[in-house]
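Welcome, and thanks for taking a look at this one with us. Below is a short briefing to help you find your way around.

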Amino acid sequence: MKTTLSNECCRLVENFCLSTLFFACHSSFAEEPKTESPQKAVPIIKDGETQIAPRFKDPDMWIRHDLWVETDFDSDGDGKKDRMHVDVTRPRQTDTEGLKVPVVYNSSPYFAGTAKSVHGFMWDPRHELGVEPPKRNKAPSAKRKGERPIISKGHVKDWVPRGFAVVHSSSPGTGLSQGCPTVGGDNESLAPKAVIDWLNGRAAGYTTVDGDQPVTACWSTGKVGMIGTSYNGTLCLAAATTGVEGLEAIIPVAPNTSYYHYYRSNGLVRSPGGYMGEDIDVLYDFINSGDPKRREYCNCNVRDKDMASGIDRITGDYNKFWAGRDYLNDLGPVKAAVLMSHAFNDWNVMPEHSNRIYQALKEKGVPVQAYYHQGGHGGPPPIKLMNRWFTHYLHGVENNVEKDARAWIVREGDDRKKPKSYEDYPNPAAESVTFQLVAGAPEMGKLITATNSNQGTETIVDNFSFSGAVLAQADWTEHRLMYLTEKLTEAVHLSGTPRITIKLASNKPTANLSVWLVSLPWNGNKNAKITDNIITRGWADPQNHRSLTESEPLVPGRFYDMTFDLQPDDQVIPVGQQIGLMIMSSDREFTLRPDPGTELTIDLDATSIQLPLVGGVKAFAKATPKKTETKNANSKQNDSSVVSSSVSYVVNDTKRGKLHYKNANGEATLKVVNPDGKVLFDGPINTKEQKAKVPTKAMKWFEEVNSKVKN
Ligand SMILES: [Ca+2]
Ligand SMILES: [Ca+2]
Ligand SMILES: [Ca+2]
């Protein structure tokens, strides 16, 4: 690679170059080391990875400086183009030997201070659905740290010793960057674009926020890779959607790719996990650390105008405001190679955020790979994966990274640095398996692959005071419905996005709807991993059964069909567990919390869930063999490996009433209540004598139902 100062670069920015050299002298160390090797330093590439080089390694020899890059927008209304505060850390040889290096770039709204604890100014979730929410508390103002010249030390240790420059910038309206924070607005895409333009000699940089002494990046090869976690990951994607020349690769870690999907779910107001009551305006207040003199303008225009009129916490519907903050709508110009990173148990920025982009880019033919682990929010891929990505796309080294496995997934309990490779995500061997429901409320019903009928309806009485974890462990409750598969005798591998189709009626015009896929028995141990208990979850607004952009009040008692996706997942459910489909109304940790009492009635025959299982229905059948009829005389009574013989179901029928049958280890009981609530029979039915006491009509109904369940 070229190591001399390119004349072309200097010609392009002729006027800047002298001042750059002047500036470089200032920012550089005072004394030349005496033992200078005669050969010029170059990045060392071995086995397809850029190596730590002895001559780039010493942090005392690095050059650090800051500057402001001028953008093309004026988002803070002062009539001047907004300038972004940028820092640079680069190997000394970029000054002394004319070395040119590629750039690892990280942009963030968090670098220069945030408002104190976000929890003081959240929206209060405790109100009825579909009404104007109570006003939220005023946020304390964020204190601007705005340190110079180092904005952040992030990623420096990984990349500068390998001979990359590392560049940071504060996003618009934060720290010493001008403009307004817009949380997903266009200026957040155009700001990193301007920085990349500067790294390529196409935009102006200055030594001060308002001065005219220029700074150039003649030391840059112009090849830029962006990396960042969460909001900083969003900004990588935001920059890529501009199609800016020079942005060759990005590694977004747990990026939020749509603010709608972050604060809403299928038409429902739904908080990110751990941040109950957060909304886009709360995040605005949290990051609003820019110039105190411009804040009034920004608050007025961005938060109190654009956001206030767009967020719609009353219906939770998708609209123009949200569409403008959904990067899936902006993928057209993307050409940067994307190494997407996320965790399947990130209940803050949920895994759909990366998956929707990954799948769309794959279809578009953009080079993509995915790295997923089983933990929570954040967590980048192992350095080796990142290094191979940047070495190929920023250095142009043919290391065949594009022929590597497309998906890297850390298995449950494994070291996060040791993912298993897969052909793709979802696993190409996964096939959708449809499960139907067998009645069981208020206890647990069954989840079966056979087709099924005459299961009637079952009803949930909403009560936000119980968490999903409590409801999943309850033996008997009216606050959730639970349907369990047989106990697994072989592990089952779910890979992809589960989809539920549900037919339901509400007794009120509004209702929350929450669905969890769980693994039972619940592991209540303090050290339990999240994958021990929760497989995945999803939320939806029944009012949006027909349209995501238009809620429709529910007619109490009328049944509606709706289909929606749970969060994408890749999880192996081990032997001995049962997969449970839990349906709730409010979800204490995620949804709004209306007064308890809303009743959701589910039509079981018209409700099903599709699970993407590796090996499809055959693999599932193999993991849940039919119980043998032979009495297992040899097995000990408490042998936990014996498949439980407990059967229980409840059937609701508007004409006949309610039938509840339970058989636990051979002890059968039956309860039949007529539609007026009169108990026709309630007692054991183990012997001929006991059965004789059951009224003929009730017995006939029971036999009908029983024969169907057995099939
Ligand atoms: Ca301005
Ligand atoms: Ca809605
Ligand atoms: Ca999972």
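Strand S23 (residues 513-520) pairs with strand S27 (residues 578-584) in the antiparallel sense, over seven bridges. This is a predicted model, so please read every feature here as part of a prediction. From S23 the briefing moves on to a sheet of 12 strands, then to helices, cores and a few backbone details.

**Strand S23 and its partners**

- In the pairing with S27, Leu517 stands opposite Leu581.
- S23 also pairs with strand S24 (residues 534-540), again in the antiparallel sense, and six bridges link these two.
- Here Trp516 is the residue that stands opposite Arg537 in S24.
- Is S23 mostly covered or mostly open? The strand is mostly covered, since seven of its eight residues are buried.

**The sheet of 12 strands**

- Strands can pair through backbone hydrogen bonds in a parallel or an antiparallel way.
- The open sheet has mixed pairing, and its strands follow the order S8-S7-S3-S4-S6-S5-S9-S10-S13-S14-S15-S16.
- Strand S8 (214-215) and strand S16 (420-422) are at the edges; each has a single partner strand, so one side of each is left without a neighbour in the sheet.
- Strand S3 (residues 63-70) and strand S4 (residues 83-90) run antiparallel and are joined by eight bridges.
- Within that pair, Leu67 has Val86 of S4 as its bridge partner.
- Helix H11 (residues 352-364) packs on the sheet, where it touches strand S13 (337-343) and strand S14 (368-373). The direction of H11 makes about 155° with that of S13.

**Strand S14, a good place to pause**

- How many of the six residues of S14 are buried? The count is six of six, so to speak a covered strand.- Val368, Ala370 and Tyr372 point one way from S14, while Gln369, Tyr371 and His373 point the other way; all are buried.
- S14 pairs with S13 in the parallel sense over six bridges, and His342 has Tyr372 of S14 as its bridge partner.
- Going from S13 through H11 to S14, the chain makes a β-α-β crossover that is right-handed.
- Strand S15 (residues 407-409) also pairs with S14 in the parallel sense, over three bridges. Tyr372 stands opposite Ile409 in S15.
- The β-α-β unit made by S14, helix H12 (residues 383-395) and S15 is left-handed.

**Helix H9 and its two faces**

- Which residues of helix H9 (residues 295-310) are buried? They are Arg295, Cys298, Val302, Arg303 and Met307.
- These buried residues cover an arc of only 80° around the axis, which puts them on the same side of H9.
- An α-helix has 3.6 residues a turn, so residues three or four places apart point the same way.
- The buried residues of H9 pack against helix H8 (280-287).
- On the face turned away from the buried side, H9 carries the exposed residues Glu296, Cys300, Lys305, Ala308 and Ser309.
- Just after H9 comes Asp312, with a positive phi of about 50°.

**Nonpolar cores**

- The largest nonpolar core has 103 residues. Val195, Ala239, Ile250, Ala370 and Trp389 are those with the most contacts inside this core.
- Apart from neighbours within four places in sequence, Ala239 is in contact with Ser189, Pro192, Lys193, Ile196, Met226, Val244 and Leu247.
- There is also a second, separate core of 66 residues, and Ala430, Val433, Leu484 and Met584 are among them.

**Backbone details in the loops**

- Arg148 and Pro149 are joined by a cis peptide bond, with omega about -5°. Pro149 is in the loop between strand S5 (101-108) and helix H4 (156-159).
- Another cis peptide bond runs from Ala441 to Pro442, with omega near 5°. The loop that holds Pro442 is between strand S17 (430-438) and strand S18 (444-448).
- Ser230 is not a glycine, yet its phi is positive, near 65°. Ser230 is in the loop between strand S9 (220-229) and helix H6 (231-240).
- Is Ser230 buried or exposed? Ser230 counts as buried, because it has 20 C-beta neighbours inside 10 Å.
- Asn400 also has a positive phi, about 65°, although it is not a glycine. Asn400 is in the loop between H12 and S15.
- With 10 other C-beta atoms within 10 Å, Asn400 is exposed.

Terms used: Residues are numbered from 1 along each chain as its sequence is written. Chains are lettered from A and ligands numbered from 1 in the order in which they are written. This is a predicted model: local features need pLDDT of at least 70, side-chain atom pairs count only at pLDDT 80 or more; totals for chains, interfaces and linings use all residues. A residue is buried if 20 or more other C-beta atoms lie within 10 Å of its own, exposed if 12 or fewer, and partly exposed in between; C-beta atoms are placed from the backbone. Helices (H or I, at least four residues) and strands (E, at least two) are DSSP runs, numbered from the N terminus. The arc is that of the directions from the helix axis to the C-beta atoms. Two residues are in contact if their C-beta atoms, placed from the backbone, lie within 7 Å. Two strands pair if DSSP finds at least two bridges between them. Axes are lines fitted to C-alpha atoms, for helices over the stretch in contact, and angles run from 0 to 180 degrees between N-to-C directions. A nonpolar core is a set of buried Ala, Val, Leu, Ile, Met, Phe, Trp, Tyr and Cys residues joined through C-beta atoms within 7 Å. A crossover is right-handed if, with the strands pointing away from the viewer, the path from the first strand over the helix to the second runs clockwise.
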